[in-house]
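Student: Can we go through this model together? I'd like to start with confidence and then move on to the sheets.

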Amino acid sequence: MSKILVVDDDVQLCELLTEVLEDEGHDVSCVHCGESAIEYLQNKGVDLVLLDVMLPNLDGMQVARRICQRFATPILMLTALGDEATMLDGLQAGADHFITKPFKVPELLTRISAILRRVGLERQRHQIRSGEEKMAAEMSRLPLTSTESELLEYLIKHDGIVVSKAELQKQVLKKELSPFDRNLDMHISNIRRKIVLAGMSKLHIKTIRGRGYSYTETLIKGSCCGKPLSA
């Protein structure tokens, strides 16, 4: 459920927007002036602001600037002025999109969906980056030998790709793989052991029988340190 703040001094329009947006499954709140909008955002986070340009005291352009200075909340501006100058001013103030009054409900819902979809993708990318940075920091603290570090770094660079033993042997250990050489397997085993001792899952490095090894950043939910979680 997305949280939307409607900022408009037209009480009737606010009631209509609330009904329409709640029918779409959104959580909607309304305020009727710019000062109230800023105060609301200070206390509660929202996913989108529907902001009227013509507001008492602080106009919509001023409110948009203040929102952008303090929050990372996307803004869809509602305006009765559909001229290019107004739209350019709004974009410079920080609006993401404009919709001109009177507007059709399907158009409004389409624009809202587009903005929320973009916000969702940005959050997902941020979570992935944060997870990768956290994992990299954890891996960097492992007490690995120089050879183990090089092997792990090589596998991480090929995240999700199966790397053959022959390739690891040649690229990292700098020699050809022989049938009875267990040196590479011992290094991988030591890396796994140190990963587990650090509280992480040994499943970050998987053995692909007959093919080689694969490093996996994201594990399947429901496992911890390589073992299924009990209910």
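Tutor: What follows covers confidence, then the two sheets and their helices.

Student: Fine. What kind of model is this?

Tutor: This is a predicted model, in which local features need pLDDT of at least 70, side-chain atom pairs count only at pLDDT 80 or more, and totals for chains, interfaces and linings use all residues. Residues are numbered from 1 along each chain as its sequence is written, and side-chain values use heavy atoms, with hydrogens and water left out.

Student: What's the mean pLDDT of the chain?

Tutor: The mean is 85, and 88% of the residues reach 70 or more; pLDDT is the predictor's confidence in each residue, from 0 to 100.

Student: Where does pLDDT stay under 50?

Tutor: Over residues 220-231, for which the model has 13 contacts beyond four places in sequence (contact means heavy atoms within 4.5 Å). Where pLDDT is low, the predicted coordinates should not be read in detail.

Student: On to the sheets. What's the strand order in the one with 5 strands?

Tutor: The order is β2-β1-β3-β4-β5, an open sheet with parallel pairing. Strands (E, at least two residues) and helices (H or I, at least four) are DSSP runs, numbered from the N terminus, and two strands pair if DSSP finds at least two bridges between them. β2 (27-31) and β5 (97-100) are the edge strands.

Student: How many bridges join β1 to β3?

Tutor: There are 4, between residues 3-7 and residues 48-52. I4, for one, has L48 as its bridge partner in β3.

Student: Which strands does α2 lie across?

Tutor: Helix α2 (residues 34-43) lies across β1, β2 and β3, at about 160° to β1. Axes are lines fitted to C-alpha atoms, for helices over the stretch in contact, and angles run from 0 to 180 degrees between N-to-C directions.

Student: And the sheet with 3 strands, is its pairing parallel or antiparallel?

Tutor: Antiparallel, in the order β6-β8-β7. β6 (162-164) and β7 (205-208) each have a single partner strand, so one side of each is left without a neighbour in the sheet. S164 stands opposite G212 in β8.

Student: Which helix runs at about 70° to β8?

Tutor: α6 (residues 146-157), which lies across β6, β7 and β8. Helix α8 (residues 183-197) lies across β7 and β8.

Student: How do α6 and α8 cross?

Tutor: Their axes come within 10 Å and cross at roughly 85°. The two helices are therefore roughly perpendicular to each other (65 to 115 degrees counts as roughly perpendicular). The contact includes L151 and L155 of α6 and I188 and I191 of α8.

Conventions:
Angles under 35 degrees count as roughly parallel, over 145 as roughly antiparallel, 65 to 115 as roughly perpendicular and the rest as oblique.
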